[in-house]
Amino acid sequence: MGYTLSLAVVDFLPVLFTAFGLMYVARMIHHINKPHGQAAFVGAFLTVTGGLLKAVWKLLMASSGGKININWMEAGLFVWMAPGYTLLLWAVWQTVRGVNNKKMLNAWTLPLVFIVIIFASSFYLHVSKPDSLAWERVLLSVMVLATVITGLLLIVFGFRQKLPLAGWLFVVNLVGVFLLNGLARIDEQTIVLQWIDESINAMAWLCFAVAARQLFQYAKKTFGVK
């Protein structure tokens, strides 16, 4: 698969938008409950790191004509993002429960146990079937599922707090995630298709960032976020 330099540079945009959006979400959660906020920050860091490494890999490939191929940067995308989004999902879910006056469970225990299980499963598949991508599919499935559920939680939260713009922007983000998943399944990844992919990706995460900022501003006014 070839990458043009301009395409590789544009790939940093969704990473930037994601970073801003997740930081706003984590800051909001941190005020409501510090342990869950800390988990959200760790999750955001892991998620953004995975996206950033993939973007750097693309840039190196494009600028060197494919000669510089640091494989772990690309292959490690789901290794970073699966645990990252698991922590984010748990933190968002527990925060929504807290705002609705429901008991919030421990910020770390259950998500860390789940992360250990999925990594153990992935490692087993990698060792037992070294020529298969089954190990990667496990992490990919977890990442996609966690991303979708987190998006749904934020959509519901936005509408329940009477923030329709944020709610609809989260909807657009989630639709973008589904479109990207579908485009990734196309066998022939042409340059034109990659530009469409990057455009959708950038727009989807720009919507996420704007919506997350609006949620944070609402929380700042309602809950006194500093």
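Q: What volume does the largest pocket have?
A: About 1600 Å³. Keep in mind that this is a predicted model.

Q: Which residues are closest to the centre of the largest pocket?
A: Lys54, Leu77, Phe78, Leu140 and Ala184, out of 42 residues that line the pocket.

Q: And which elements supply at least two residues each of that lining?
A: Helices α2, α3, α4 (71-75), α5, α7, α8 and α9. The largest share of the lining comes from α7, with eight residues.

Q: How does the lining of the largest pocket divide by class?
A: There are 23 nonpolar residues, ten polar ones and nine charged ones.

Q: What about the second largest pocket, what is its volume?
A: About 180 Å³. Its lining includes Thr86, Trp90, Trp93, Pro111, Phe114 and Ile149. The elements giving two or more residues to this lining are α5, α6 (109-128) and α7.

Q: How many charged residues are in the lining of the second largest pocket?
A: None; by class the lining has ten nonpolar residues and one polar residue.

Q: Switching to cavities. How many of 30 Å³ or more does the structure hold?
A: Two. The largest cavity has a volume of about 50 Å³, and the second largest has about 30 Å³.

Q: Which residues line the largest cavity?
A: Tyr85, Thr147, Thr150, Gly151, Leu154, Asn173, Leu174, Trp205 and Phe208. By class, five of them are nonpolar, four are polar and none is charged.

Q: Which helix gives the most to the lining of the largest cavity?
A: α7, with four residues. Helices α8 and α9 also supply at least two residues each.

Q: And the second largest cavity, what lines that?
A: Met28, Ile29, Val92, Thr95, Val96, Leu154 and Phe157. Here α5 gives the most, three residues, while α2 and α7 each supply at least two. The lining has six nonpolar residues, one polar residue and no charged ones.

Q: Now the packing. How many residues are in the largest nonpolar core?
A: It has 41 residues, and those with the most contacts inside it are Phe170, Phe208 and Leu215. Two or more residues each come from α2 (12-32), α3 (34-63), α5 (77-99), α7 (134-160), α8 (164-184) and α9 (191-223). The largest share of this core is ten residues, from α9.

Q: Why would nonpolar side chains be buried together?
A: As a general point, that is what they tend to do in soluble globular proteins.

Q: You listed Phe208 in the core. What is it in contact with, leaving aside neighbours within four places in sequence?
A: Gly21, Leu22, Val25, Leu154, Phe170 and Asn173. There is also a second, separate core of eleven residues, which includes Ile118, Trp135, Val142 and Met143.

Q: Next, phenylalanine 17. Where is it placed?
A: In helix α2.

Q: Is phenylalanine 17 buried or exposed?
A: Phenylalanine 17 is buried, because its relative accessibility is 18% and the cut-off for buried is under 20%.

Q: What does phenylalanine 17 touch, again leaving aside neighbours within four places in sequence?
A: It is in contact with Ala202, Trp205, Leu206 and Ala209. In addition, the C-alpha atoms of phenylalanine 17 and methionine 203 are separated by 9.0 Å, although the two residues are 186 apart along the chain.

Q: Last topic. How many salt bridges are found in the whole structure?
A: Two. In one of them, lysine 58 meets aspartate 11 at 3.7 Å, N to O. Lysine 58 is in helix α3 and aspartate 11 is in the loop between α1 (5-10) and α2, so this pair ties together parts 47 residues apart in sequence.

Q: And which residues meet in the salt bridge at 3.1 Å?
A: Lysine 58 and glutamate 198. That pair links helix α3 with helix α9, across 140 residues. Asp11, Lys58 and Glu198 are thus linked in a network of salt bridges.

Q: Buried or exposed, those three?
A: Lysine 58 is buried, at 12% relative accessible area. Aspartate 11 is buried as well, at 6%, and glutamate 198 counts as buried at 3%.

Note on methods. Residues numbered from 1 in each chain as written. Predicted model: local features only at pLDDT ≥ 70, side-chain atom pairs only at ≥ 80, totals over all residues. Heavy atoms only, no water. Core = buried A, V, L, I, M, F, W, Y, C linked by side-chain atoms within 4.5 Å. Buried < 20%, exposed > 50% of the residue type's maximum accessible area, 1.4 Å probe, protein only. Contact = heavy atoms within 4.5 Å. 1 Å grid on protein atoms, 1.4 Å probe; cavity = no way out; pocket = protein on both sides within 12 Å on 5 of 7 lines; lining within 4 Å. Points joined across faces, edges and corners; volume = space filled by probe spheres on them. Nonpolar A, V, L, I, M, F, W, Y, C, P; charged D, E, K, R; others polar. Salt bridge = Lys/Arg side-chain N within 4 Å of Asp/Glu carboxyl O.
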